[in-house]
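Q: Please take a close look at one part of this chain and the residues around it. I would like a single connected account that starts from the overall layout and then works outward from that part.

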Amino acid sequence: MLFVVDVVVAVVVFFFNDTATTEIYTLSLHDALPISSITDFMVIVTGTSNTHIKALADSTVKRARESDVKIIGVEGRLQAEWVLVDLGDVVVHIMTAPVRALYNLEELWNFSLDKSAAEKAGEKRVENHPA
């Protein structure tokens with residue numbers, strides 16, 4: 001199954017590389033931690049305007065259909081500041097630069113904190129809440 005997901009990610013990224021998008025970022029949730037059954041991969045893309053984001057979302061859906069990839073849903077197309085295209089095991093986020101900076105999904109879903117930082121955070125909690 002993961003091979004099929006890799007192919008879907010490759011098709012999506014290839015498509016975005018061929019457009020005027022900026023900052024294409026892929027994030028594997030499957031490899032980092034098996035913490036979520038929501039999706040295995042996220043592709044995060046910055047569009048240049050609301051119109052551009054709508055066009056990218058429409059083109060993503062069209063390419064997915066042409067590649068026989070099931071489309072679970074599309075959210076946010078009306079306002080087009082952040083459009084989410086759910087392809088099942090791959091979720092595509094197409095965002096304006098300000099929205100992307102505000103929500104910072106790359107950092108939110110990044111679980112590669114070094115162990116010492118996590119331990120320090122845990123130690124602080126213990127100090128603040130004595131047993």
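A: **Strand 5 and its surroundings**

The secondary structure of the protein chain comes to six helices and five strands. This is a predicted model. Read from the N terminus, the elements follow the order α-β-α-β-α-β-β-β-α-α-α. The chain has 131 residues, of which 34% count as buried. Contacts between residues at least 6 apart in sequence include 56% that join residues at least 24 apart. The chain exposes about 8,400 Å², and carbon and sulfur atoms supply 56% of that area.

The part chosen here is strand 5, residues 90–95. Six of its six residues are buried, so the strand is mostly covered, buried being under 20% relative accessible area. The cover is on both faces. Val90, Val92 and Ile94 are buried on one side, and Val91, His93 and Met95 are buried on the other.

Next come the partners of the strand. Strand 2 (residues 41–46) runs parallel to strand 5 and is joined to it by six bridges. Strand 4 (residues 82–86) runs antiparallel to strand 5, with five bridges joining the two. Histidine 93 can serve as the reference point for both pairings. Isoleucine 44 stands opposite histidine 93, and leucine 84 also stands opposite histidine 93. Strand 4 and strand 5 form a hairpin with three residues between the strands, and in this hairpin glycine 88 takes a positive phi near 85°.

The side chains of strand 5 also take part in the nonpolar cores. The largest nonpolar core has 16 residues, and those touching the most other members are Val83, Val85, Leu87, Val90, Val92 and Ile94. Val90, Val92 and Ile94 in that list are the residues buried on one side of strand 5. Two or more residues of this core come from each of strand 2, helix 3 (50–66), strand 4 and strand 5. Helix 3 gives the most, with five residues. A second, separate core has eight residues, among them Leu29, Met42, Met95 and Leu105. Met95 belongs to the other side of strand 5, together with Val91 and His93. In soluble globular proteins, nonpolar side chains tend to be buried together.

Helix 3 deserves its own check, as a contributor to the largest core. Its 17 residues should span 24 Å at 1.5 Å a residue, and its end C-alpha atoms are 24 Å apart, so the two values agree. The buried residues of helix 3 are His52, Ile53, Leu56, Ala57, Thr60, Val61 and Ala64. An α-helix has 3.6 residues a turn, so residues three or four places apart point the same way. Aspartate 58 also lies in helix 3. Its relative accessible area is 36%, and aspartate 58 is therefore partly exposed, since that value falls between the 20% limit for buried and the 50% limit for exposed. The C-alpha atom of aspartate 58 is separated by 9.3 Å from that of valine 85, which is 27 residues away along the chain.

Just after helix 3, aspartate 68 takes a positive phi of about 60°. This residue lies in the loop between helix 3 and strand 3 (73–75). Aspartate 68 is exposed because its relative accessible area is 73%, over the 50% cut-off. Most residues other than glycine have a negative phi. Asparagine 104 is another residue other than glycine with a positive phi, near 45°. It is found in the loop between helix 4 (97–103) and helix 5. At 30% relative accessibility, asparagine 104 counts as partly exposed.

That loop leads to helix 5 (residues 105–108), where glutamate 106 is found. Glutamate 106 has a relative accessible area of 14%, under the 20% limit, and so it is buried. Leaving out residues up to four places away in sequence, glutamate 106 touches Tyr25, Ile44 and Arg100. With arginine 100 there is a polar contact between the two side chains, at 2.4 Å. Ile44 leads back to the starting point, as isoleucine 44 stands opposite histidine 93 in strand 5.

Notes:
Residues numbered from 1 in each chain as written. Predicted model: local features only at pLDDT ≥ 70, side-chain atom pairs only at ≥ 80, totals over all residues. Heavy atoms only, no water. Helix = DSSP H or I, 4+ residues; strand = E, 2+ residues; numbered from the N terminus. Buried < 20%, exposed > 50% of the residue type's maximum accessible area, 1.4 Å probe, protein only. Polar contact = N/O pair within 3.5 Å; in protein donor to acceptor, adjacent residues only side chain to side chain. Contact = heavy atoms within 4.5 Å. Pairing = 2+ DSSP bridges. Areas by Shrake-Rupley, 256 points an atom, 1.4 Å probe, with all protein chains shown as cover. Core = buried A, V, L, I, M, F, W, Y, C linked by side-chain atoms within 4.5 Å. Expected span 1.5 Å × (residues − 1).
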